[in-house]
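Good morning, and thank you for making time for this item. I would like to take you through a few features of the structure that is about to appear on the screen.

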Amino acid sequence: RMAVLAACTLGVVALHTLPPSCRTLVGGHLPRGFTLGLPSTDDVPDAATLFVDAFTEPGDGGSSAEDNLCAVREQRQELSAKGLQWRLGSRLASPGVHASLEASLLLLVQDVNTGALAAGAELSLQPTDGALPAEFAVPALFSLHTAVSLGAYLSNFVVARGYRRQRLGSDLLRACETLVRYDWQYSELFLHVDVRNKAAMHLYEQAGYVPLTQYDRLAPPSAPTADARALSMPVLNRYHVKSLGAMEAQR
């Protein structure tokens with residue numbers, strides 16, 4: 001068994017198409033050969049595989065090490081799938097891109113030629129308090145009567161290994177920002193990024209995201225690591241924000 005897949009190829013995923021108004025708004029951001037869609041319940045396992053594979057480092061050799069990594073990977077896939085079903089909720093049965101206090105929005109990029117999932121991003125409304133949302137986070141609806149305001153939040157932003165270095169990540173990020181600004185009507189987008197991930201840090205820095213270091217104590221590591229240097233770092237997930245006020249919609 002391969003410890004890590006190059007791309008999600010468990011099956012040809014039949015994504016729901018975006019509503020016409022949303023296709024007009026964000027469809028032009030992706031390069032030729034890729035399409036943006038919404039998952040149904042049947043697509044959740046493939047989406048979970050995409051996320052787990054993208055966030056899991058390849059093994060360093062040896063059948064025993066690969067077997068252990070595969071076992072961990074399968075456990076994470078199961079947990080990720082359950083978490084997605086929890087967070088996406090009613091959107092799986094009734095797909096839509098509107099802002100919701102009850103359900104996250106999952107955007108998936110599909111390779112038109114192979115049917116494989118190439119990238120994905122999750123958008124939701126979350127308290128703007130710098131805390132890292134849990135896998136089974138309480139819906140934003142339950143935060144309405146607190147003192148913390150809600151904001152648009154980006155998570156699970158991934159590009160499968162076989163599709164990296166093709167500007168697919170920056171194009172998907174731009175599509176997410178456009179949707180948040182002009183469909184959801186939010187002027188800021190928040191996210192956490194693992195400071196060990198130099199490629200992600202560079203992407204967000206180039207895109208104009210500003211680190212909010214005052215929230216570092218609220219952003220613990222997202223997963224255990226065997227890297228002693230990483231373990232010595234006091235913060236692994238840093239809160240960032242970008243102002244979307246000056247964006248121009250590409251209609």
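Let me begin with Arg 87, which is buried, its relative accessible area being 11%. Please bear in mind throughout that this is a predicted model. Arg 87 forms a salt bridge with Glu 135, and the closest N and O atoms are 3.0 Å apart. This pair links distant parts of the chain: Arg 87 belongs to helix 3, Glu 135 to the loop between strand 4 and strand 5, and 48 residues separate them. Glu 135 counts as partly exposed, because its relative accessibility is 31%. Arg 87 and Glu 135 also belong, together with Glu 122, to a network of salt bridges.

The structure holds 7 salt bridges in total, and two others deserve a comment. Asp 53 and Arg 73 meet through their side chains in a salt bridge, with an N to O distance of 2.5 Å. Here too, distant parts of the chain are linked: Asp 53 sits in helix 2, residues 44-55, and Arg 73 in helix 3, 20 residues apart. What is the relative accessible area of Asp 53? The value is 4%, so Asp 53 is buried. Arg 73 is likewise buried, since its relative accessible area is 10%.

The other salt bridge joins Arg 196 and Asp 194, whose closest N and O atoms are 2.5 Å apart. Asp 194 is buried, with a relative accessible area of 16%, whereas Arg 196 counts as partly exposed at 27% relative accessibility.

I turn now to an arginine without such a partner. Arg 91 lies in the loop between helix 3, residues 63-88, and strand 3, residues 105-111. Which side chain of opposite charge is nearest to Arg 91? It is that of Asp 183, at 7.8 Å, and Arg 91 is buried yet has no salt bridge. The cut-off for a salt bridge is 4 Å between a side-chain nitrogen of Lys or Arg and a carboxyl oxygen of Asp or Glu, which is why a separation of 7.8 Å does not qualify. What the side chain of Arg 91 does reach is the backbone oxygen of Ala 103, at 3.1 Å. Leaving aside residues up to four places away in sequence, Arg 91 touches several others, among them Pro 39, His 98, Ser 104 and Leu 105.

Next, the surface. Val 138, Leu 141, Phe 142 and Leu 144 make a nonpolar surface patch of about 390 Å². Phe 142 is found in the loop between strand 4, residues 117-127, and strand 5, residues 150-159. Is Phe 142 buried or exposed? With a relative accessibility of 61%, Phe 142 counts as exposed.

Finally, two points of backbone geometry. Arg 167 has a positive phi of about 65°, although it is not a glycine. Arg 167 is placed in the loop between strand 5 and helix 4, the latter spanning residues 168-182. Arg 167 is exposed, because its relative accessible area is 61%. Gln 185, also a residue other than glycine, has a positive phi near 65°. Where is Gln 185 placed? Gln 185 is in the loop between helix 4 and strand 6, residues 188-194. With a relative accessible area of 56%, Gln 185 is exposed.

That concludes my presentation, and I thank you for your attention.

Terms used:
Residues are numbered from 1 along each chain as its sequence is written. This is a predicted model: local features need pLDDT of at least 70, side-chain atom pairs count only at pLDDT 80 or more; totals for chains, interfaces and linings use all residues. Side-chain values use heavy atoms; hydrogens and water are left out. Helices (H or I, at least four residues) and strands (E, at least two) are DSSP runs, numbered from the N terminus. Buried means under 20% relative accessible area, exposed over 50%, partly exposed in between (1.4 Å probe, protein chains only). Lys and Arg count as positive and Asp and Glu as negative; His and the chain ends are not counted. A polar contact is a pair of N or O atoms within 3.5 Å; within protein, one must be able to donate a hydrogen and the other to accept it, and residues adjacent in sequence count only if both atoms are side-chain atoms. Contact means heavy atoms within 4.5 Å. Patches are made of residues with over 30% relative accessible area and no salt bridge: like charges are joined within 9 Å, nonpolar side chains (Val, Leu, Ile, Met, Phe, Trp, Tyr) within 5 Å. Accessible areas come from the Shrake-Rupley method with a 1.4 Å probe; for residues, only the protein chains shown count as cover.
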